[in-house]
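This report describes one protein model, shown just below. It starts with a pair of strands and then moves outward to the whole chain.

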Amino acid sequence: MNEVSAKRKVTLRCPFCLTLNTVDLGKSGDRPKCGNCKKPLLLDRPLKVGGEDFDRTVLGSEAPVLVDFYADWCAPCKYVAPLMDELAKTHEGTLLVVKIDTDQAPDLSQKFGIRSIPTVILFKDGEEVGRSVGFEPEKLRDMAEEAVRPG
Ligand SMILES: [Zn+2]
């Protein structure tokens, strides 16, 4: 057993039937399915999280979580989105990548002092450990690398 096989339980809401599922991110290669509707839970792309799931999915995650605070009307957010796709794919199984529509979760924006978007926050063990504001591709890649580094 090495660090790569360490348990990384995360709680995710199925985008199809909205059932909450607990999956081991480290076993994403096994193509986890929703326990209710049996549709695949896709972990190689950012997952949409709302205010009601934030505590469980982001703060309760055993894996580091990169959270993209965005809005549909925000032009620079459209540059960050493909980068988040890339990071989710590159670090599938070690890093959870989620996105939050700030228009639908104003409480979260206030709680984390989001003054401009895009803002990307890295959480580890329920704590903020990194933040990027605006379009900072190098910083985001570094944050992701740092997050998944063992030890
Ligand atoms: Zn489902």
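How many bridges join β4 to β6? The answer is 5, and the two strands run antiparallel.

## Basis of the model

This is a predicted model, in which local features need pLDDT of at least 70 and side-chain atom pairs count only at pLDDT 80 or more, while totals for chains, interfaces and linings use all residues. Residues are numbered from 1 along each chain as its sequence is written.

## Overall layout

The protein has 4 helices and 7 strands. Both kinds of element are DSSP runs numbered from the N terminus: helices are H or I with at least four residues, and strands are E with at least two. Along the sequence they follow the pattern β-β-β-α-β-α-β-α-β-β-α. The radius of gyration is 15 Å, close to the 15 Å that the globule rule gives for 151 residues, so the protein is as compact as a globular protein of that length. Here the radius is taken over C-alpha atoms, and the rule is 2.2 Å times the number of residues to the power 0.38.

The C-alpha trace spans about 40 × 35 × 25 Å along its principal axes. Of the contacts between residues at least 6 apart in sequence, 60% join residues at least 24 apart. A contact means that the C-beta atoms of two residues, placed from the backbone, lie within 7 Å. Buried residues make up 32% of the 151 residues. A residue is buried if 20 or more other C-beta atoms lie within 10 Å of its own, exposed if 12 or fewer, and partly exposed in between, with C-beta atoms placed from the backbone.

## The sheet

An open sheet of 5 strands has the order β3-β5-β4-β6-β7, with mixed pairing. Two strands pair if DSSP finds at least two bridges between them. The edge strands are β3 and β7, each of which pairs on one side only.

In β6, 5 of the 6 residues are buried, so the strand is mostly covered by the definition in use. Toward β4, Val-65 stands opposite Phe-123 in β6, and Phe-69 stands opposite Thr-119 in β6. Strand β6 is also joined to β7 (residues 127-133) by 6 bridges, and these two strands run antiparallel. One opposite pair there is Ile-121 and Arg-131 in β7. The hairpin of β6 and β7 has 2 residues between the strands, and in it Asp-125 takes a positive phi near 50 degrees.

## The nonpolar core

The largest nonpolar core has 32 residues, and Leu-66 and Val-67 touch the most other members. Such a core is a set of buried Ala, Val, Leu, Ile, Met, Phe, Trp, Tyr and Cys residues joined through C-beta atoms within 7 Å. At least two of its residues come from each of β1 (9-13), α1 (54-59), β4, α2, β5, β6 and α4. In soluble globular proteins, nonpolar side chains tend to be buried together.

Leaving aside neighbours within four places in sequence, Leu-66 is in contact with Leu-87, Leu-95, Val-97, Val-120, Leu-122 and Ala-144.

## Helix α2

Helix α2 (residues 77-90) has 14 residues, which at 1.5 Å a residue should span 20 Å, and its end C-alpha atoms are 20 Å apart, which agrees. The expected span is 1.5 Å times one less than the number of residues.

Which residues of α2 are buried? They are Cys-77, Val-80, Met-84, Leu-87 and Ala-88. Seen down the helix axis, these buried residues fall within an arc of 95 degrees, so they line one face of the helix. The arc is that of the directions from the helix axis to the C-beta atoms. The buried residues pack against β4 (65-70), β5 (96-101), β6 (119-124) and α4 (137-148). On the other side of α2, Lys-78 and Pro-82 are exposed.

## Two partly exposed residues

Asp-24 is in strand β2. With 17 other C-beta atoms within 10 Å, Asp-24 is partly exposed. Apart from neighbours within four places in sequence, Asp-24 is in contact with Lys-7, Arg-8 and Lys-9.

Lys-33 is found in the loop between β2 (20-24) and β3 (47-48). Lys-33 counts as partly exposed because it has 14 C-beta neighbours inside 10 Å. Not counting residues up to four places away in sequence, Lys-33 touches Lys-38, Lys-39, Pro-40 and Leu-41. Lys-33 and Val-23 are 10 residues apart in sequence and 8.9 Å apart in space, C-alpha to C-alpha.
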